[in-house]
Amino acid sequence: MSVPRDAATVLQARGLTKQYGQVVALDQADFDVRAGEILAVIGDNGAGKSSLIKALSGAMRPDAGEIRLDGTPVVFASPSDARRAGIETVYQDLALAPAMSIAENLFLGRELRRGGALGSVFRWLDRPRMQREAADALQALGVNVRSITQTVETLSGGQRQGIAVARSAAFARHVVILDEPTAALGVRESGMVLDLIQRVRDRGLSVVLISHNMPHVFQLADRIHIQRLGRRAALVDTKDISMAEAVAIMTGGTA
Ligand SMILES: Nc1ncnc2c1ncn2[C@@H]1O[C@H](COP(=O)(O)OP(=O)(O)OP(=O)(O)O)[C@@H](O)[C@H]1O
């Protein structure tokens with residue numbers, strides 16, 4: 001499925017700059033993702049992909065530049081600011097609690113509670129509702145698990161990634177940012193996660209996919225953002241560029 005060229009830009013950045021001492025991580029970087037597209041972000045090591053994503057997800061405050069969500073300037077002082085604005089990020093560590101159940105992980109930090117008398121907040125957790133809603137959320141995205149009550153430590157790498165992506169999709173209103181979601185996975189599990197990413201996009205969410213895996217990028221992405229030396233070197237429709245050309249822009253060579 002390709003995204004209409006006139007789809008609205010949902011998340012945009014202009015002139016993002018970030019310096020760590022003498023190192024310029026972001027150098028006037030621009031960024032655009034349209035509603036309902038999969039945008040891949042590629043770039044060599046140190047090109048500033050993580051820094052860009054951290055700025056867009058509230059994990060880092062840029063020194064300069066502007067971020068707009070649906071055309072409105074936003075300032076994210078923390079990841080929870082970005083989450084409240086509808087942007088969910090899955091980092092490589094997945095931020096799952098291994099000893100807790102799948103349902104508990106889906107609602108980690110956003111637990112549903114019953115109203116009730118004073119006392120420990122844990123007494124107010126609405127576990128049946130969380131389990132129901134977690135099962136529905138996973139089923140809707142086609143993430144298969146044996147039981148919603150099994151602990152995350154019993155899952156395979158691909159299933160864990162699936163839980164983390166499903167959690168972000170369940171709570172995101174605009175954008176899901178995925179940092180190397182297939183990096184640690186085998187072929188079969190990668191395929192499962194790639195399918196899941198398409199289903200997330202098919203819900204109308206924008207997906208920003210940071211990846212070093214060029215075949216995955218070319219298989220999934222509507223457009224490719226090529227990051228080089230701290231800035232966006234190119235933003236291209238995937239169908240208009242070859243893998244060799246993309247790598248050439250990434251590395252500063254010629255195709
Ligand atoms: N907290 C930090 N302190 C100092 N330097 C940093 C910090 N974060 C990033 N950098 C530097 O900024 C530059 C861009 O790093 P960044 O991690 O954003 O690149 P990247 O494209 O994600 O790289 P990789 O693919 O290797 O993860 C690098 O030179 C990096 O060493």
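Reader: When do two strands pair here?
Author: Two strands pair if DSSP finds at least two bridges between them. Helices (H or I, at least four residues) and strands (E, at least two) are themselves DSSP runs, numbered from the N terminus.

Reader: And what sort of model is it?
Author: The model is predicted: local features need pLDDT of at least 70, side-chain atom pairs count only at pLDDT 80 or more, and totals for chains, interfaces and linings use all residues. Residues are numbered from 1 along each chain as its sequence is written.

Reader: OK. How do E4 and E5 connect?
Author: E4 and E5 form a hairpin with two residues between them. The two strands run antiparallel and are joined by three bridges, and Leu69 stands opposite Thr72 in E5.

Reader: Which residue in that turn has a positive phi?
Author: Asp70, with a phi of about 50°, although Asp70 is not a glycine. Asp70 lies in the loop between strand E4 (64–69) and strand E5 (72–74).

Reader: Is Asp70 buried or exposed?
Author: Asp70 counts as partly exposed because 14 C-beta neighbours lie inside 10 Å. Buried means 20 or more other C-beta atoms within 10 Å, exposed means 12 or fewer, and partly exposed is in between, with C-beta atoms placed from the backbone.

Reader: What does E1 do with E4?
Author: Strand E1 (residues 9–20) pairs with E4 in the antiparallel sense, over five bridges. Thr17 has Ala64 in E4 as its bridge partner.

Reader: Switching to the other sheet. What's the strand order?
Author: The order is E6-E7-E8-E3-E9-E10, in an open sheet of six strands with mixed pairing. E6 and strand E10 (231–237) are the edge strands with a single partner each, so each has one side without a neighbour in the sheet. On average, neighbouring strands of this sheet are turned by 20° against each other, direction ignored.

Reader: Which helix packs on that sheet?
Author: Helix H8 (residues 243–251), touching E3, E9 and E10, with a direction at about 30° to that of E9. Contact means C-beta atoms, placed from the backbone, within 7 Å. Axes are lines fitted to C-alpha atoms, for helices over the stretch in contact, and angles run from 0 to 180 degrees between N-to-C directions.

Reader: How do E3 and E9 pair?
Author: Strand E3 (residues 38–43) and strand E9 (residues 223–228) are parallel, with five bridges. Gly43 stands opposite Gln227 in E9.

Reader: Which residues sit around the ligand?
Author: Gly43 is one of them; the others are Tyr20, Val23, Ala25, Asn45, Gly46, Ala47, Gly48, Lys49, Ser50 and Ser51. The cut-off is a C-beta atom, placed from the backbone, within 6 Å of the molecule.

Reader: Which element gives the largest share of that shell?
Author: H1, with three residues. Strand E2 (23–34) and helix H1 (49–56) are the elements giving two or more.

Reader: Now Leu94. Where is it, and is it buried or exposed?
Author: Leu94 lies in the loop between strand E6 (87–90) and helix H3 (102–106). Leu94 counts as buried because 20 C-beta neighbours lie inside 10 Å.

Reader: What does Leu94 touch beyond four places away in sequence?
Author: Arg160, Gln161 and Ala164. Leu94 and Ala164 are 70 residues apart in sequence, yet 5.9 Å apart in space, C-alpha to C-alpha.

Reader: And Ala95, what's its phi?
Author: Near 50°, a positive value in a residue other than glycine. Ala95 is partly exposed because 15 other C-beta atoms lie within 10 Å.

Key:
Contact = placed C-beta atoms within 7 Å.
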